[in-house]
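The following note sets out numbered remarks on a structure submitted for review. Please read them alongside the sequence and the coordinates shown here.

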Amino acid sequence: MPDRVLASLDPSDLRFQYDVIKGLAESVRQMAANMSDLQKTQVDMLVRLARLEENKVGDELVAMKAATAALTVRVDALESDKDRRDGALGMLGTIKSWAPFLAMVFSAACALWLFGRSAGFVPAPPVELPRREATQITGANQ
């Protein structure tokens, strides 16, 4: 049957169909070339976008490192201040806990000194004033 159809067609019709198919093939080839160019452009745009994102991430990383360094300095200052306060409070706490014992030792030392003064084995402080002070008090230089 296809042979009969081909035989019944006019040769000019065959030429027309050939030209239409040839034109369609050329259009498909041109569209494929345009699609290839479009794909190349799209890949190039994606590469550029990736580079831009990489640069932005690098800038953000530098900014984060600078912020981290500043915060590290601040944390170190706060920690040293806290250590200083803790040391002072620790010393006050130690004095507070040792205060009764120190008061007892001081009281015992005062009692021994007073007992020693009354018993005579702790010498009394000198009663005579040095010569210069004596003249100032009595007014002997007038």
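1. Accessible areas are computed by the Shrake-Rupley method with a 1.4 Å probe, and for residues only the protein chains shown count as cover. On that basis the protein chain exposes about 13,100 Å², of which carbon and sulfur atoms supply 66%. Buried residues (under 20% relative accessible area, with exposed meaning over 50% and partly exposed in between, using a 1.4 Å probe and protein chains only) account for 1% of the 142 residues in the protein chain.

2. The model is predicted: local features need pLDDT of at least 70, side-chain atom pairs count only at pLDDT 80 or more, and totals for chains, interfaces and linings use all residues. Residues are numbered from 1 along each chain as its sequence is written, and side-chain values use heavy atoms, with hydrogens and water left out.

3. Confidence is expressed as pLDDT, the predictor's confidence in each residue on a scale from 0 to 100. The protein chain has a mean pLDDT of 82, and 82% of its residues reach 70 or more. Which elements mark the lowest and the highest mean pLDDT? Helix α1 (residues 2–8) has the lowest, at 57, and α2 has the highest, at 88.

4. The secondary structure comprises three helices and zero strands, where helices (H or I, at least four residues) and strands (E, at least two) are DSSP runs numbered from the N terminus. The order of elements from the N terminus is α-α-α. Helix α2 spans residues 11–119 and contains Trp98; Gly116 also lies in helix α2.

5. How many salt bridges does a search of the whole structure find? The search returns five, a salt bridge being a side-chain nitrogen of Lys or Arg within 4 Å of a carboxyl oxygen of Asp or Glu. As background, side chains of opposite charge can pair when their charged atoms come close.

6. One of these salt bridges joins Arg29 to Glu26, with the closest N and O atoms 2.5 Å apart. Both residues belong to helix α2 and stand three residues apart, about one turn of the helix. Arg29 is partly exposed at 48% relative accessibility, and Glu26 is partly exposed at 40%.

7. Further along helix α2, Asp86 pairs with Lys82 in a salt bridge whose closest N and O atoms are 2.7 Å apart. The two residues are four apart in helix α2, about one turn of the helix. Asp86 has a relative accessible area of 38% and is therefore partly exposed; Lys82, at 43%, is partly exposed. Elsewhere, Asp81, Arg84 and Arg85 are joined into one network by salt bridges that share partners.

8. Within that network, the closest N and O atoms of Asp81 and Arg85 are 3.3 Å apart. Asp81 and Arg85 are separated by about one helical turn because they lie four residues apart in helix α2. Asp81 is partly exposed at 27% relative accessibility, and Arg85 is partly exposed at 43%.

9. A search of the whole structure finds two aromatic pairs. Trp98 and Phe101 form one that is edge-to-face, at 5.6 Å centre to centre and 80 degrees between the planes. Rings of Phe, Tyr and Trp (its six-membered ring) pair if their centres lie within 6.5 Å; planes under 30 degrees apart count as stacked, over 60 as edge-to-face and the rest as tilted. Trp98 and Phe101 are three residues apart in helix α2, so about one helical turn separates them. Trp98 counts as partly exposed at 46% relative accessibility, and Phe101 does so at 42%. Phe115 and Phe121 also pair edge-to-face, because their ring centres are 6.2 Å apart and their planes stand at 65 degrees.

10. Are Phe115 and Phe121 buried or exposed? Phe115 is exposed, with a relative accessible area of 52%, and Phe121 is exposed at 57%. Gly116, by contrast, is buried, with a relative accessible area of 0%. Gly116 touches Phe121 and Val122, not counting residues up to four places away in sequence; contact means heavy atoms within 4.5 Å.

11. Finally, Trp98, Phe101, Leu102, Met104 and Val105 form a nonpolar patch on the surface, with about 510 Å² of accessible area together. Patches consist of residues with over 30% relative accessible area and no salt bridge; like charges are joined within 9 Å, and nonpolar side chains (Val, Leu, Ile, Met, Phe, Trp, Tyr) within 5 Å.
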